[in-house]
Amino acid sequence: MRVSARAERIEPFYVMEVAKAASALAREVANTDRPMIFLNIGEPDFTAPPLVQEAAMRAVRSGATHYTHAVGLDALRGRISDWYAQRFGVDVPARRIVVTAGASAALQLACLALIEAGDEMLLPDPSYPCNRHFVSAAEGKAVLVPTTAAERFQLSAAKVEAAWTDKTRGVLLASPSNPTGTSIAPDELRRIHEVVTKRGGITLIDEIYLGLSYDDAFGQTALAIDDDVISINSFSKYFNMTGWRLGWLVVPEALVPVIERLAQNLFICASTVSQYAALACFEPESIAEYERRRAEFKARRDWFIPQLNALGLTVPVVPDGAFYAWADCSSLARKLGIDGSWDFAFEAMKRAHVAVTPGRDFGTAETANYVRFSTASSMAHLQEAIERLKVLAA
Ligand SMILES: Cc1ncc(COP(=O)(O)O)c(C=O)c1O
């Protein structure tokens, strides 16, 4: 069957091959003294806290399961607006918030609303692979701009300026980033947005990990800069609700009817049960639990990164958010007689029973030297993984 050029342009998700191999091997070693430790998973090991679970069950039992407005429940948009005020001290009116089926749907809506066929969007290399595929799906072209550790693996205003062409429509950033867990410094972000605005472009920023921020110097929303910044967010990471498929985006007021029209047609609405459940995320008891978990993620980072460095799996920039460690494995790979992070990932999986994600999907610049570890796993698992990697590296 002939498939569309649009579908052909979406590159395969290579990490899924590694994930599949890890799952197959995991079954074989499940009953040994070294079952697989999955440090390749990009989702919290926690699940939704009790009040959220109860709210979901109440919604189901009371039959609150019909479609909502395409932009989401007014009550939920209001709670998200309050969260911006309380946590970030930023006024984001509820009417600018559109609730979606995860950040993934929010990114699709933003790209479909703003990108014409042939438009180019600048993204950092490395970055979350689906973000460039959302651009492609809207028939735009994602232009990956190589970044360095000194730039925290993020774009700078100077690089945006240098990469800008007649075809450039804007930037698609992520802060904190997947796979690096590093953020753009607020002043640099302001300068990037100035460069973009001067050229009549758009600033899209994926803030899905913003809630999981560990450093006051970075943990501010880009919405504080300008009402024209488009921010994408989600209940998946900080709120521990990956499978509930719920997120949102904040857009300039004039764009709300456009996004609403697209959302009505493409999705009708986000999951109603999840929306009612998410109202309970903002109860003081839930927020207290989320903050406890954020502290746990930070403690894992603080323990795990120095351990990786000591093993020669160098993490050049300490992540200020999310739950990833982007580690240069090239020297350890050489020591093991293998070449690059793809083979290193298979070696770690087969010999240490530790699953990690090779850099390949995240870009092309230096990604063959890097692997991504996820610290969304218990401290006991992280400690055991380090012990096994020590043996591998010995
Ligand atoms: C940077 C980034 N953006 C978006 C997503 C998609 O998240 P969601 O579950 O909200 O669709 C992910 C998921 O891992 C991500 O890492």
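Modeller: A definition first: two strands pair if DSSP finds at least two bridges between them. The model here is predicted.

Biologist: In β8, which residue is the bridge partner of Ser 234?

Modeller: Ser 234 belongs to strand β7, residues 230-234. Four bridges join β7 to β8, residues 247-250, and the two strands run antiparallel. Across from Ser 234, the bridge partner in β8 is Gly 247.

Biologist: Do β6 and β7 pair in the parallel or the antiparallel sense?

Modeller: Strands of a sheet can pair either way, through backbone hydrogen bonds. Between β6 and β7 there are three bridges. Ile 205 stands opposite Ser 231 in β7. The sense of the β6 and β7 pairing is parallel.

Biologist: How many of the five residues of β7 are buried?

Modeller: A residue is buried if 20 or more other C-beta atoms lie within 10 Å of its own. On one side of β7, Ile 230, Ile 232 and Ser 234 are buried. On the other side, Ser 231 and Asn 233 are buried too. The strand is largely enclosed by the rest of the structure, because the number of its residues that are buried is five of the five.

Biologist: Is Gly 200 buried or exposed?

Modeller: Gly 200 sits in the loop between α8 (186-198) and β6 (202-206). A residue with 12 or fewer C-beta neighbours within 10 Å counts as exposed. Gly 200 has 8 inside 10 Å, so this residue is exposed.

Biologist: How far apart in space are Gly 200 and Arg 169, C-alpha to C-alpha?

Modeller: In sequence, 31 residues separate Gly 200 and Arg 169. In space, their C-alpha to C-alpha distance is 8.0 Å.

Biologist: Which helix gives the most to the shell around the ligand?

Modeller: The ligand is surrounded by 13 residues. Among the closest are Gly 102, Ala 103 and Ser 104, and also Ser 234 and Ser 236. The shell divides into four nonpolar, eight polar and one charged. With three residues, the top contributor is the helix spanning residues 102-114, α5.

Biologist: Which are the edge strands in the open sheet of β9, β12 and β11?

Modeller: The three strands of this sheet are ordered β9-β12-β11, with antiparallel pairing. Five bridges link β9 to β12, residues 370-374. One of the bridges in this sheet sets Ala 325 against Phe 373 in β12. An edge strand pairs on one side only, and here the edge strands are β9 (324-328) and β11 (357-358).

Conventions. Residues are numbered from 1 along each chain as its sequence is written. This is a predicted model: local features need pLDDT of at least 70, side-chain atom pairs count only at pLDDT 80 or more; totals for chains, interfaces and linings use all residues. A residue is near a molecule or strand if its C-beta atom, placed from the backbone, lies within 6 Å of it. Ala, Val, Leu, Ile, Met, Phe, Trp, Tyr, Cys and Pro count as nonpolar, Asp, Glu, Lys and Arg as charged, and the others, Gly among them, as polar.
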